[in-house]
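Dear colleague,

I am passing on the structure we spoke about, and you will find the sequence and the coordinates just below. My notes follow, and I would be glad if you read them with the structure open beside you.

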Amino acid sequence: MAKVLVVTSGKGGVGKTTSTAALGAALAQTGQKVAVVDFDVGLRNLDLVMGAERRVVFDLINVAQGDANLSQALIRDKRVDTLYLLAASQTRDKDALTEEGVARVIAELRERFDWVICDSPAGIERGATLAMRFADVAVVVANPEVSSVRDSDRIIGLLDSKTLKAESGERMEKHLLLTRYDAGRASRGEMLSVDDVLDILSIPLLGIIPESLDVLRASNIGAPVSIGNVGSPAANAYIDAARRLCGVPVPMVRPLEKKGLLGRFFGRRAA
Amino acid sequence: MNIFNFFRRGATAPLARERLQILLTHERQSSCSPQLIAMIHKEVLAAIAKHIAIDPDKVDIDIRHKDKVSLLEINLEIPASVSEAADKKAA
Ligand SMILES: Nc1ncnc2c1ncn2[C@@H]1O[C@H](COP(=O)(O)OP(=O)(O)O)[C@@H](O)[C@H]1O
Ligand SMILES: [Mg+2]
């Protein structure tokens with residue numbers, strides 16, 4: 001049975017696209033067939049992060065409108081051969097994507113893949129609601145920062161009301177992926193801690209991705225960080241998160257906080 | 001301010017956490033529009049002001065949702081002199 005997963009957040013720039021690519025690649029590396037789908041019409045980036053920007057011929061809208069078939073539009077990854085990309089179009093017309101069109105594409109993807117991962121655009125408008133509309137599972141990406149947490153709360157509300165699953169009375173499975181986490185700052189009380197965010201949003205934790213240069217390096221070379229920078233803490237965190245999505249009970253490792261003597265003494269107080 | 005805050009002026013996360021908790025409890029509950037609350041606020045205030053002199057800032061009106069029902073909560077502070085006078089009359 002295919003699983004349709006939406007990676008969403010409300011706020012922009014928190015790491016949805018990075019996470020879509022990294023989780024997709026990590027899942028595909030276990031041999032499962034994975035399609036990552038860019039819903040960010042007009043501002044596509046997933047192709048760039050995946051290093052496939054020069055191979056895009058047809059996109060999601062072409063397939064949704066019936067101008068191309070799925071086989072023509074899917075781009076197979078050059079590194080992991082069970083990983084495919086369906087790019088977004090650069091068109092300015094956001095209304096080009098209809099619910100019926102998306103429904104057809106998702107239904108067809110379900111037949112061919114084990115995982116269909118939808119990279120949501122920012123915001124709570126049409127693009128974001130279409131990306132989550134047919135999902136079975138949601139990964140809510142948040143940064144430990146007030147506006148991101150507030151927007152995630154809004155998105156959780158939408159996941160519980162505006163998805164097909166919610167409308168049919170079922171519970172939407174939701175996971176929190178905390179990204180760009182700086183353990184040092186959290187321990188000094190300069191940034192919300194893992195527990196702060198978990199307490200406030202109260203959905204289960206899928207993983208903690210550290211703020212890291214490795215993510216930037218991977219996007220520079222056009223590779224999902226989970227396969228582009230093997231062995232880095234960010235890659236490991238994404239690989240663990242992907243395994244948890246498959247139901248493997250991987251213990252959660254909190255990012256290490258390097259503390260000086262004073263920090264060790266006072267650090268806990270502030271947290 | 002306790003001694004730890006003194007040592008750690010960077011510890012702003014607890015405040016962030018508190019503000020978020022208050023804001024989100026409010027946002028999650030407000031299935032009725034803020035305009036509606038504002039309207040009720042104004043009319044209740046006018047009704048009470050006919051009988052008692054009150055400070056509009058000391059009136060708090062909110063709608064809370066509990067399972068299947070909503071509670072309209074009105075909290076207002078009545079100045080001590082007014083309530084004492086009322087007590088004497090009653091006694
Ligand atoms: N863990 C991380 N550490 C450092 N930079 C990150 C991390 N995650 C994302 N970024 C950077 O943040 C920016 C926004 O990320 P992106 O995945 O495009 O966010 P979104 O899709 O939510 O808008 C990019 O420049 C990306 O490289
Ligand atoms: Mg994005």
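In the largest nonpolar core of this predicted model, which holds 55 residues, the members that touch the most others are A:Phe39, A:Leu86, A:Leu97 and A:Leu109. If you centre the view on A:Leu97 and set aside its neighbours within four places in sequence, you will find it in contact with A:Phe39, A:Val41, A:Leu60, A:Ile61, A:Ala64, A:Val102, A:Arg126 and A:Leu130. Another core, of 40 residues, lies apart from the largest one, and its members include A:Ala21, A:Met50, A:Ile209 and A:Ile227. As general background, nonpolar side chains in soluble globular proteins tend to be buried together.

Strand 7 of chain A, which spans residues 173-181, is worth following next. Seven of its nine residues are buried, so this strand is largely enclosed by the rest of the structure. Strand 7 of chain A pairs in the parallel sense with strand 6 of chain A (residues 137-142), over six bridges, and within this pairing A:Lys174 is the bridge partner of A:Ala138. Strand 7 of chain A also runs parallel to strand 8 of chain A (residues 205-210), to which four bridges join it; here A:Tyr181 has A:Pro210 as its bridge partner.

Which helix does helix 7 of chain A pass in a right-handed crossing? The partner is helix 10 of chain A, and the two, covering residues 146-159 and residues 194-201 respectively, pack at an angle of about 35° with their axes 10 Å apart. Helix 7 of chain A contributes A:Val149, A:Ser152, A:Asp153 and A:Ile156 to the contact, while helix 10 of chain A contributes A:Val197, A:Ile200 and A:Leu201. By character, the residues of this contact comprise five that are nonpolar, one that is polar and one that is charged.

Turning to chain B, I would note that it contains four helices and two strands, arranged along the sequence in the pattern α-α-α-β-β-α. Of the 91 residues in chain B, 19% are buried. Among the contacts in chain B with a separation of 6 or more, 33% are between residues 24 or more positions apart.

With best regards

Conventions: Residues are numbered from 1 along each chain as its sequence is written. Chains are lettered from A and ligands numbered from 1 in the order in which they are written. This is a predicted model: local features need pLDDT of at least 70, side-chain atom pairs count only at pLDDT 80 or more; totals for chains, interfaces and linings use all residues. Side-chain values use heavy atoms; hydrogens and water are left out. Axes are lines fitted to C-alpha atoms, for helices over the stretch in contact, and angles run from 0 to 180 degrees between N-to-C directions. A crossing is left-handed if the near helix is turned anticlockwise from the far one by less than a right angle, and right-handed if clockwise. Contact means heavy atoms within 4.5 Å. Ala, Val, Leu, Ile, Met, Phe, Trp, Tyr, Cys and Pro count as nonpolar, Asp, Glu, Lys and Arg as charged, and the others, Gly among them, as polar. A nonpolar core is a set of buried Ala, Val, Leu, Ile, Met, Phe, Trp, Tyr and Cys residues joined through side-chain atoms within 4.5 Å. Buried means under 20% relative accessible area, exposed over 50%, partly exposed in between (1.4 Å probe, protein chains only). Two strands pair if DSSP finds at least two bridges between them.
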